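Let's take a friendly walk through a protein model, looking at charges, contacts and backbone angles. Keep the structure open beside you as you read.

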Amino acid sequence: MKRIAALIFGITLAALFTGCSDQGAAEKESSEPAKQEEKKEKEEAAEKVNYPEAAMTGEEIVKQPVGEKMAEAVAKAGSAEEESISDMDKLMEEFQTKEQSNQEIFNGLVHWFGMDYTEVYQNLVNYEPDYGEYDIAGEKQKTKNIAIHIDSSGSMNGQVSGGVKMDLAKNAVKKFAAGFPDNTPITLRTYGHKGTGNDKDKQLSCSSTEVMYETNTYNEQNFSAALNKFKPSGWTPIAASIKAGYDDLKTKAAENTENILYVVSDGIETCDGDPVEEARKLANSDLKVKVNIIGFNVDDEGQRQLKAAAEAGNGQYYTVNSKVELENTLTKLMGEAMSSIEKNIAKATSKTEINFRTADLKQQVGGIRNDFMDVADAERMLLGDALSELQKQEKIKPEDRDAIYELIKTRYEELNSFSESLMEQAKEKVDKRRQELIDQINAS
């Protein structure tokens with residue numbers, strides 16, 4: 001757009017100052033009759049040119065191809081030929097007016113000098129307001145959909161710093177679940193809670209994975225009761241439990257939910273399953289589940305397997321060996337899960353700042369509209385200069401010039417009205433986004 005504006009500037013300046021050189025009056029007078037005769041001969045020999053009809057509505061003007069001479073000017077910009085386009089008098093000697101009506105001459109001028117509105121039009125019609133750090137509506141914050149799985153194999157009855165692993169896990173998970181927003185759906189499942197660690201009970205225990213707290217928002221009394229339903233017992237079917245996580249989360253899964261599975265385990269898979277593969281399947285499922293795993297006092301082999309499972313599930317793995325480490329890790333996971341929510345609420349706590357941003361955005365829209373009208377102004381001036389040159393060369397009469405200039409003004413006024421309507425539509429987008437942000441603050 002800047003290149004075109006610069007070229008227009010050069011053309012219009014040349015048109016304004018055409019004939020103002022320091023040539024001697026005698027030289028000019030002596031050459032004038034010959035030029036007039038040559039011009040007359042060319043006009044008589046020329047056939048009538050049929051120029052394409054000029055667009056006159058905003059929607060049509062912005063889609064019409066750039067004028068031929070403007071296209072040539074852009075193509076020659078920066079080359080050795082650039083100066084050749086700045087002589088309006090020579091340029092208009094080529095323009096045919098033979099047997100042309102005023103409308104047809106106007107069509108020809110637009111066909112030659114019509115501007116390219118593509119960029120300025122697209123910038124205006126496709127405008128989308130950017131509220132930057134306050135644009136929490138644009139971030140489309142997702143609701144958390146949570147499933148928590150606790151290992152209830154016999155080894156969870158072991159001691160670590162701070163107490164029995166199972167007791168510590170239950171207390172930490174209770175605090176963890178209570179920390180989510182009131183509208184967060186939560187499911188609690190355990191695995192390995194049936195049978196014993198003896199070989200005779202392996203089949204029973206390896207098939208034991210069960211929901212203890214049906215998918216619902218957190219209720220302290222009911223959640224505590226659910227935690228009391230199981231105790232350390234049998235084998236460790238981690239893979240089966242991870243697989244079942246799909247059913248736990250699908251109940252409340254939607255387009256606006258982030259589905260997360262948290263697994264607490266103190267050992268390796270002992271039921272011949274493949275927790276890594278099951279975690280990968282969950283992550284690649286339509287729910288796009290993130291699988292986070294906490295290894296509680298796990299040996300090196302167990303850590304390798306659980307870490308691989310978490311990585312396959314697009315989640316994180318943590319090793320803990322005490323009450324303090326377990327609680328700190330769950331607190332960290334809670335912080336990560338909640339960070340985007342808290343961050344977004346903090347960003348939009350000030351309605352005043354959003355209102356200031358709204359004013360800035362509307363000013364920005366006005367600037368884009370001004371860019372549009374800069375192109376329209378340049379086109380109007382260029383068409384007017386070309387028209388004046390035609391009159392100067394006696395290709396049209398003064399009254400014809402006035403009539404054609406009215407068509408130029410009509411086209412300009414249409415572009416002015418059209419760009420104003422686009423500007424108002426863009427400002428409506430700003431107001432709509434502002435109201436979305438205000439509504440979200442009021443609801444928080």
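A salt bridge is counted when a side-chain nitrogen of Lys or Arg lies within 4 Å of a carboxyl oxygen of Asp or Glu. Keep in mind that the model you are looking at is predicted.

**Salt bridges**

Side chains of opposite charge can pair when their charged atoms come close. How many salt bridges does a search of the whole structure find? The search turns up 20. Three of the pairs involve helix H16, so let's set them side by side. 

| Pair | N to O distance | Citation of place |
|---|---|---|
| Lys 362 and Asp 431 | 2.8 Å | helices H16 and H17 |
| Asp 377 and Arg 380 | 3.7 Å | helix H16 for both |
| Glu 379 and Arg 411 | 2.8 Å | helices H16 and H17 |

Take the pair of Glu 379 and Arg 411, whose side chains meet in a salt bridge. This pair links distant parts of the chain, with Glu 379 in helix H16 and Arg 411 in helix H17, 32 residues apart. Are these two residues buried or exposed? Glu 379 is buried, because its relative accessibility is 2%, and Arg 411 is buried too, at 1%.

Now turn to Lys 362 and Asp 431, which also form a salt bridge. Lys 362 sits in helix H16 (residues 351-392) and Asp 431 in helix H17 (residues 398-443), so their pairing ties together parts that are 69 residues apart in sequence. Lys 362 is partly exposed, with a relative accessible area of 27%, and Asp 431 is partly exposed at 34%.

The salt bridge between Asp 377 and Arg 380 stays inside one helix: both residues lie in H16, three residues apart, about one turn of the helix. Asp 377 counts as partly exposed at 28% relative accessibility, as does Arg 380 at 29%.

Elsewhere, Lys 69, Glu 72 and Glu 94 are joined in a network of salt bridges.

**A patch of negative charge**

Which residues gather in a patch of negative charge on the surface? They are Asp 116, Glu 119, Asp 371 and Asp 374. Glu 119 belongs to helix H7 (residues 118-125). Its relative accessible area is 47%, so Glu 119 is partly exposed.

**Two buried residues**

Asn 292 is part of strand S7 (residues 290-296). With a relative accessible area of 4%, Asn 292 is buried. Its side chain reaches the backbone nitrogen of Gln 316 at 2.8 Å.

Tyr 131 is placed in the loop between H7 and helix H8 (136-139), and at 1% relative accessibility Tyr 131 counts as buried. Look for Ile 354 as well: the C-alpha atoms of Tyr 131 and Ile 354 are separated by 7.7 Å, although the residues are 223 residues apart along the chain.

**Backbone angles in two loops**

Most residues other than glycine have a negative phi. Asp 272 is not a glycine, yet has a positive phi of about 65°. Asp 272 lies in the loop between strand S6 (257-265) and helix H13 (275-284), and counts as exposed at 69% relative accessibility.

Asn 314 is not a glycine either, and has a positive phi of about 55°. Its place is the loop between helix H14 (300-312) and strand S8 (317-320). At 52% relative accessibility, Asn 314 counts as exposed.

Note on methods. Residues numbered from 1 in each chain as written. Predicted model: local features only at pLDDT ≥ 70, side-chain atom pairs only at ≥ 80, totals over all residues. Heavy atoms only, no water. Patch = residues over 30% accessible without salt bridge, like charges linked within 9 Å, V, L, I, M, F, W, Y side chains within 5 Å. Areas by Shrake-Rupley, 256 points an atom, 1.4 Å probe, with all protein chains shown as cover. Lys, Arg positive; Asp, Glu negative; His and termini not counted. Charge placed at Lys NZ, Arg CZ, Asp CG, Glu CD. Helix = DSSP H or I, 4+ residues; strand = E, 2+ residues; numbered from the N terminus. Buried < 20%, exposed > 50% of the residue type's maximum accessible area, 1.4 Å probe, protein only. Polar contact = N/O pair within 3.5 Å; in protein donor to acceptor, adjacent residues only side chain to side chain.
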